[in-house]
Amino acid sequence: MSAERQVSAMLRQIARQQDVIEIGPQGSRPKAAALAYVAEQYGYVYGAARATGYKDSSILLRMYRDPSPGARSREAATLTAHPRAGVGGTVPGLAPGSLKPVPEAAGAVAVLKDLIAFDLAARFVTSRGQMVLCYLGCVLVTALLLATGPLAEALASGGSLVVILTVALKGGQLRRKQLARRLTEAGFFAVRDEQGGQRFLRPGQQLPGHANPFAA
């Protein structure tokens with residue numbers, strides 16, 4: 001789907017004044033973040049991202065309508081400045097005919113990209129119990145190899161599995177820590193959702209899950 005069609009599809013949801021809109025599925029974080037930025041100019045706020053499609057290769061975003069006065073003022077200013085967005089006119093924050101952010105929007109889009117990446121990385125977070133099961137699986141594979149082949153080959157294969165698993169788990173943890181640090185530096189704060197997972201929100205924002213993510 002072309003950039004124009006993706007923007008138009010999102011703006012049709014916005015035009016209906018929906019409390020919740022969905023963006024995607026998108027094949028890349030930069031494009032998803034660019035669309036999320038546009039939605040925010042129309043008074044929406046980022047809610048959540050999840051992987052979808054074949055082998056989780058696509059991204060689906062959920063945005064919530066922000067009822068705050070600041071968001072409504074931002075929406076009114078955007079409608080005035082970009083009256084033909086989605087029908088051939090300019091789109092806030094994007095270069096004409098593309099999902100590439102203009103320079104003045106690049107910083108905000110980069111922050112949204114980190115936020116999306118942090119939420120998507122949650123599916124790679126492994127609990128202590130899951131880690132134990134993974135390592136037990138490595139032991140089981142090694143035992144099966146010992147029963148069917150030479151000792152040296154079995155131990156080498158089992159050891160390789162342990163190394164690969166450890167690198168994958170540690171790499172995911174380090175990546176998420178880096179994203180968390182950048183989001184904190186950008187002014188977001190960490191909270192725990194109902195499932196105990198870590199999320200990042202803007203000051204004054206509550207966890208998504210209802211039409212008004214800022215309600216008391």
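I looked up Leu 155 in this predicted model and noted that, at 48% relative accessibility, it counts as partly exposed, since the exposed class begins only over 50%. Leu 155 lies in helix H6, and together with Leu 146 and Leu 151 it makes a nonpolar surface patch of about 280 Å².

I then turned to the interior, where I found that the largest nonpolar core has 41 residues, and that Met 10, Ile 14, Ala 39, Tyr 46, Leu 61, Met 63 and Ile 116 are those with the most contacts inside it. The elements that give two or more residues to this core are the helices H1 (3–15), H2 (29–41), H4 and H6 (151–185), along with the strands S1, S2 (44–52) and S3 (58–65).

From that group I followed Met 63, and, leaving out residues up to four places away in sequence, I listed among its contacts Val 20, Ile 21, Ile 23, Ala 36, Ala 39, Val 45 and Tyr 46, as well as the charged-type names Asp 19 and Glu 40.

Next I checked Gln 26, which is placed in strand S1 (residues 20–26) and counts as buried because its relative accessibility is 5%, against a limit of under 20%. Beyond its neighbours within four places in sequence, Gln 26 is in contact with Gln 6, Lys 31, Ala 32, Leu 35, Ser 57, Ser 58, Ile 59 and Leu 99.

Last, I tested helix H4 (residues 103–120): at 1.5 Å a residue its 18 residues should span 26 Å, and its end C-alpha atoms are 26 Å apart, which agrees. I also noted the buried residues of H4, including Ala 105, Val 109, Leu 112, Asp 114, Ile 116 and Asp 119.

Terms used
Residues are numbered from 1 along each chain as its sequence is written. This is a predicted model: local features need pLDDT of at least 70, side-chain atom pairs count only at pLDDT 80 or more; totals for chains, interfaces and linings use all residues. Side-chain values use heavy atoms; hydrogens and water are left out. Helices (H or I, at least four residues) and strands (E, at least two) are DSSP runs, numbered from the N terminus. The expected span of a helix is 1.5 Å times one less than its number of residues. Buried means under 20% relative accessible area, exposed over 50%, partly exposed in between (1.4 Å probe, protein chains only). Contact means heavy atoms within 4.5 Å. A nonpolar core is a set of buried Ala, Val, Leu, Ile, Met, Phe, Trp, Tyr and Cys residues joined through side-chain atoms within 4.5 Å. Patches are made of residues with over 30% relative accessible area and no salt bridge: like charges are joined within 9 Å, nonpolar side chains (Val, Leu, Ile, Met, Phe, Trp, Tyr) within 5 Å. Accessible areas come from the Shrake-Rupley method with a 1.4 Å probe; for residues, only the protein chains shown count as cover. A salt bridge is a side-chain nitrogen of Lys or Arg within 4 Å of a carboxyl oxygen of Asp or Glu.
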